[in-house]
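Please open the structure in your viewer and keep the sequence beside it. This tour says what to select at each stop and what is found there.

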Amino acid sequence: MPPRLDHLTIAVSDWQRSKAHYDVLLPLIGFAPTSASTWANEAGLYLQFVEARGGTRAYERYGAGLNHFGFAMASAEEVEALRDRLIAAGIACQPLQQLGPALALFLPDPDGLRAEFTYYPPGVPPVG
């Protein structure tokens, strides 16, 4: 059995500001809190948030890092509906992007870390 991704640890510069963002986003995409700073979905993917330590550089143990993380959506309509729900909840969203045959929404958090929500038609891989 190949290994599966089970968690991402995301270092943020201001936990309270980031918490306000993720408290809106994560329930909309099927995550539930498991502690004050950790969320999980039914597939067993955990997102753990920690506050970056002052004086650290990107990608150090306690420094900010990671370009973006992506979630596959079941349809283009799901991507559009998520964007609409985020806007209704007061989250500023970037325009939808057509990436060849795929439709994507990139959503930056308060530190600029982007979550990607993309519908890939059958046979289209998530990365090229």
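**Stop 1: a helix and its neighbours**

Select helix H2 together with helix H1 (15-28), strand E5 (68-73), strand E7 (102-108) and strand E8 (114-119): the buried residues of H2 pack against these four elements. Keep in mind throughout that this is a predicted model.

Now reduce the selection to H2 alone, residues 76-88. The helix has 13 residues, and the distance from its first C-alpha to its last is 19 Å, close to the 18 Å expected at 1.5 Å a residue.

Which residues of H2 are buried? Show the side chains of Ala76, Val79, Leu82 and Leu86, which are the ones. Turn the view to look down the axis of H2: the buried residues fall within an arc of 125°, so they line one face of the helix. On the face turned away from that buried side, select Glu77 and Ala88, which are exposed.

Past the end of H2, pick Gly90, which follows the helix and has a positive phi, near 90°.

**Stop 2: the sheet**

Next, select E5, E8, E7 and E6, given here in their order in the sheet. These four strands form an open sheet with mixed pairing. E5 and strand E6 (97-99) stand at the edges; each has a single partner strand, so one side of each is left without a neighbour in the sheet. From one strand to the next, the twist averages 30°.

Zoom in on E5 and E8, which run parallel and are joined by six bridges. To see one pairing, select Gly70 and its bridge partner in E8, Glu116. Then bring H2 back into view: the helix packs on the sheet, touching E5, E7 and E8, and its direction makes about 25° with that of E7.

**Stop 3: aromatic rings**

How many aromatic pairs does a search of the whole structure find? The search finds five. For one of them, select Phe71 and Phe117: the ring centres are 5.5 Å apart and the planes are at 10°, so the pair is stacked. The pair links distant parts of the chain, with Phe71 in strand E5 and Phe117 in strand E8, 46 residues apart.

Are these two residues buried or exposed? Phe71 counts as buried because its relative accessibility is 14%, and Phe117, at 0%, also counts as buried.

Finally, add Phe31 and Phe69 to the selection; with Phe71 and Phe117 they form one aromatic cluster.

Note on methods
Residues numbered from 1 in each chain as written. Predicted model: local features only at pLDDT ≥ 70, side-chain atom pairs only at ≥ 80, totals over all residues. Heavy atoms only, no water. Helix = DSSP H or I, 4+ residues; strand = E, 2+ residues; numbered from the N terminus. Expected span 1.5 Å × (residues − 1). Buried < 20%, exposed > 50% of the residue type's maximum accessible area, 1.4 Å probe, protein only. Arc of directions from axis to C-beta. Contact = heavy atoms within 4.5 Å. Pairing = 2+ DSSP bridges. Axes fitted to C-alpha atoms, helices over the stretch in contact; angles between N-to-C directions. Phe/Tyr/Trp six-rings, centres within 6.5 Å; stacked < 30°, edge-to-face > 60°.
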